[in-house]
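Here is a guided reading of one protein model, meant for someone who has not met it before. Please keep the sequence and the three-dimensional view at hand while you read.

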Amino acid sequence: MTHAFTIDRAELRLVNLPLLNPFVISTGTMTHKTFPLLILQGDGITGIAEGVMDPLPDWLEETAAGALDLLRSAILPKMVGMRIANPSDIDPLLAPWRGNRMAKAVAEMAVWDLWARSLDLPLCHLIGGVRDKIEVGVSLGIAPLDVTLDRIAEAQAQGYRRTKLKIKQGHDLGLLEGVRETFPDIKLTVDANTDYGLTDLATLRSMDAFHLDYIEQPLAYDDILDHAQVQSALQTAICLDESIRSAKDARIALQMNAARVINIKVGRVGGIAEARRVHDVCAAFGAPVWCGGMLESGVGRAHNIHLATMPNFTKPGDTSSASRYFARDIVDEPLEATDGLMPVPPGPGIGVTLDMEYLDTVSELVEVWTA
């Protein structure tokens, strides 16, 4: 399917969106979601995308400052004026720059949204989506047991289909014991965010007793090999997140039996096209995938919803209601789940529009390129 348009304007913002509550994981505490936001315009149509890198390299190597610099120095000045017939047309522009997948994803995803809107089609229709709503769960940050139990009870009352607990060394087995005593039958997973090593194998093996759906990324962010050793010692499935940057990484991990489940984050793997390839590789291996979240605003949240409509996204993802995280979002459309199901935003592209009045109040910088 082809439909050509010219990118005639690019607007890059740095957004600092306050969270309702601090979000705590093993690597730190977040009180604001700070991210680059890209607005592309062409032939009277607008496409949008956000970055998922943190201000400091505490999750992966990329930073918001580095992404802004790459976008403004090497990508956006050349994108403006380009004639686009298919999102792949920008691949030669992005290919020379090594790594920086999250920064390149911002440009690629905005082009996908612009292309879908130019065709007057929802993005999910162009990437092989098969659902009009997706199953979602909640991701709960590190907190005392009583607080965690209250949060789980609230999520269960709201119908969420999976509960993910952030864990770290010393905040793991006791937490799981307390949770399972109160909620013996819920679908439960844990996310270690790389806080463990091979010397913690006994602790990880003890988690088999709690009937978890999977243990997410227990070892180093750049490791696959040692995860294979852990997976061979556990009954519980390992899910890889940070380690999977590409379809090739997914293939290697599954060939080595380093994981049985893969978390796909579209920004982490460099954009929608690579996310589809990861999805397809996992499907070929019979490994289910789910869509991870990075506390995205409504822009990234909408992209995630559309991605998760693809057929091998068979486990509930992180894309819960935006109102769990933000008092006010930067999009006009409410992205809210009902009974653990998140509907795909209707309309062309990703289906959301920017609340420019509020966006202006939370933007720390605005830069514009025109043809």
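The paragraphs below go from the sheet to a hairpin, then to the core, and lastly to the empty spaces and two single residues.

The model is a predicted one, and a good place to begin is its open sheet of seven strands, whose order is S7-S8-S9-S10-S11-S12-S13 and whose pairing is parallel. At the edges stand strand S7, residues 138–140, and strand S13, residues 289–291; each has a single partner strand, so one side of each is left without a neighbour in the sheet. Strands of a sheet pair through backbone hydrogen bonds, and they may do so in a parallel or an antiparallel way.

Starting from the S7 edge, the reader can follow the chain through the sheet. S7 and S8 pair in the parallel sense over three bridges, with Ser139 standing opposite Lys164 in S8. Together with helix H5, which covers residues 145–157, these two strands make a right-handed β-α-β unit. The next step repeats the theme: S8, helix H6 (residues 173–182) and S9 also make a right-handed β-α-β unit. Here strand S8, residues 163–166, pairs with strand S9, residues 188–191, in the parallel sense over four bridges; Lys164 stands opposite Thr189 in S9, and Leu165 stands opposite Val190 in S9. Is S8 covered on its two faces or left open? Both faces are covered, since Thr163 and Leu165 on one side, and Lys164 and Lys166 on the other, are all buried.

An antiparallel arrangement is found earlier in the chain, where six bridges join strand S3, residues 28–42, to strand S4, residues 45–50. Gly42 stands opposite Ile45 in S4. The hairpin of S3 and S4 has two residues between the strands, and in this hairpin Asp43 takes a positive phi near 55°.

From the strands the reader may turn to the interior. The largest nonpolar core has 128 residues, and those with the most contacts inside it are Ile75, Met79, Ile262 and Ile330. Helix H3, residues 101–118, gives the largest share of this core, namely twelve residues. Apart from this core lies another one, of five residues, among them Tyr214, Cys239, Val261 and Trp290. To see what surrounds one of the residues with the most contacts inside the largest core, consider Ile330: leaving aside its neighbours within four places in sequence, Ile330 is in contact with Leu17, Phe35, Leu37, Ser297, Val299, Thr353, Leu354, Asp355, Tyr358, Leu359 and Val362.

The next topic is the space that the atoms leave empty. Rolling a probe the size of a water molecule over the atoms shows where such space remains. How many cavities of 30 Å³ or more does a search of the whole structure find? The search finds one, and the largest cavity has a volume of about 80 Å³. Its lining includes Glu50, Val52, Met109, Lys265 and Met294, and also His303 and Asn304; helix H11, residues 298–307, supplies the largest share of that lining, three residues. The largest pocket has a volume of about 490 Å³. This pocket is lined by 30 residues, of which Phe23, Ile25, Met30, Asp54 and Leu295 lie nearest its centre. Strand S2 (9–25), S3, S8 and H11 are the elements that give two or more residues to the lining of this pocket, and the largest share, seven residues, comes from S3.

Two single residues close the tour. Leu12 has its place in strand S2 and is buried, because its relative accessible area is 0%, while buried means under 20%. Not counting residues up to four places away in sequence, Leu12 touches Pro36, Leu37, Leu68, Leu71, Leu76, Leu365, Val366, Glu367 and Trp369. Leu12 and Ile39 are 27 residues apart in sequence, and their C-alpha atoms are 6.5 Å apart in space. Asn100, by contrast, is found in the loop between helix H2 (91–94) and H3, and with a relative accessible area of 31% this residue is partly exposed. Leaving aside neighbours within four places in sequence, Asn100 is in contact with Glu62 and Leu70, and the C-alpha atoms of Asn100 and Glu242, which are 142 residues apart along the chain, are separated by 14 Å.

Technical notes: Residues are numbered from 1 along each chain as its sequence is written. This is a predicted model: local features need pLDDT of at least 70, side-chain atom pairs count only at pLDDT 80 or more; totals for chains, interfaces and linings use all residues. Side-chain values use heavy atoms; hydrogens and water are left out. A nonpolar core is a set of buried Ala, Val, Leu, Ile, Met, Phe, Trp, Tyr and Cys residues joined through side-chain atoms within 4.5 Å. Buried means under 20% relative accessible area, exposed over 50%, partly exposed in between (1.4 Å probe, protein chains only). Contact means heavy atoms within 4.5 Å. Two strands pair if DSSP finds at least two bridges between them. A crossover is right-handed if, with the strands pointing away from the viewer, the path from the first strand over the helix to the second runs clockwise. On a 1 Å grid over the protein atoms alone, a cavity is a set of points where a 1.4 Å probe fits but cannot get out, and a pocket is an open set with protein on both sides within 12 Å along at least five of seven lines; lining residues have an atom within 4 Å of a point. Grid points are joined across faces, edges and corners, and a volume is the space filled by probe spheres set on the points.
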